[in-house]
Amino acid sequence: HVKVLVNLASRSVSTAVLEPRNLDPVLAILRALSRDSRISRFSVVGFLLSDQRVFYRQGGAAGIDFPALGKALKSLELGTVDYERLIQERGREWFLAGLLKAEVEAEDRPDALVIVGPRVFMREDIPSRDLRDLGPLGYPVFYLKCGPIRIPDPYDAIGRLIGIFRGRVYRIMSPAEIGYATRDAVDRVLRSIVPRAAPAGS
């Protein structure tokens, strides 16, 4: 069971424009994950960091419902933010931390958490105290991010957050890297499941 958090937004949190160069790599990663027969169940959460909202949820299912995801995305009124969120200082930072905390604490405990999306540039500090208090999750966390620069980015907000859980980051720049990243992530998930499933004392 893999839970996928998908940020379908621009690399800059200052714009809500959804460009093909940002969307296409994200969708390609999702398709690669959906084709891996070793994953039997998907939960999907689609969100827009620029608009501070979750716009799509899919409960545990045998595959990713791409038509439903696309329909939900097309129905959005982009660039709009609730007034309460708009007046909140550092709203995007709190939204991102709150979303990750809520999904980690949700009852549908997965075998892995995968975050997919473009690199998110954010210079401000992300609230992380509550996340640190969650302790070890007991399952691996991965961040498959698309971006034109290969070197580590200290201002990647999502990368900084999953570092709390010692998550693994894949920087994807080409179709070949999509295949490697998704296969390697699933390999690691399977290796992590075996020790947890082993009888006590074995």
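K3 stands opposite L113 in β4. This pair belongs to a predicted model. K3 lies in strand β1, which covers residues 2-7. Strands β1 and β4 run parallel and are joined by 5 bridges.

On its other side, β4 meets β5. Strand β4 spans residues 112-118, and β5 spans residues 141-146. These two strands also run parallel, with 6 bridges between them. Two partnerships illustrate the contact. V114 faces F142 of β5 across one pairing. G117 has K145 of β5 as its bridge partner.

Strand β4 is also well covered. Of its 7 residues, 7 are buried, so the strand is largely enclosed by the rest of the structure. Buried here means a relative accessible area under 20%. In a regular strand, side chains alternate between the two faces of the sheet.

These pairings form part of an open sheet of 6 strands. The strand order is β3-β2-β1-β4-β5-β6. Thus β1 and β5 flank β4 in the order. Pairing across the sheet as a whole is mixed. The edges are formed by β3, residues 53-61, and β6, residues 168-172. Each edge strand pairs on one side only. Neighbouring strands of the sheet are turned against each other by 15° on average, with direction ignored.

Technical notes. Residues are numbered from 1 along each chain as its sequence is written. This is a predicted model: local features need pLDDT of at least 70, side-chain atom pairs count only at pLDDT 80 or more; totals for chains, interfaces and linings use all residues. Side-chain values use heavy atoms; hydrogens and water are left out. Two strands pair if DSSP finds at least two bridges between them. Helices (H or I, at least four residues) and strands (E, at least two) are DSSP runs, numbered from the N terminus. Axes are lines fitted to C-alpha atoms, for helices over the stretch in contact, and angles run from 0 to 180 degrees between N-to-C directions. Buried means under 20% relative accessible area, exposed over 50%, partly exposed in between (1.4 Å probe, protein chains only).
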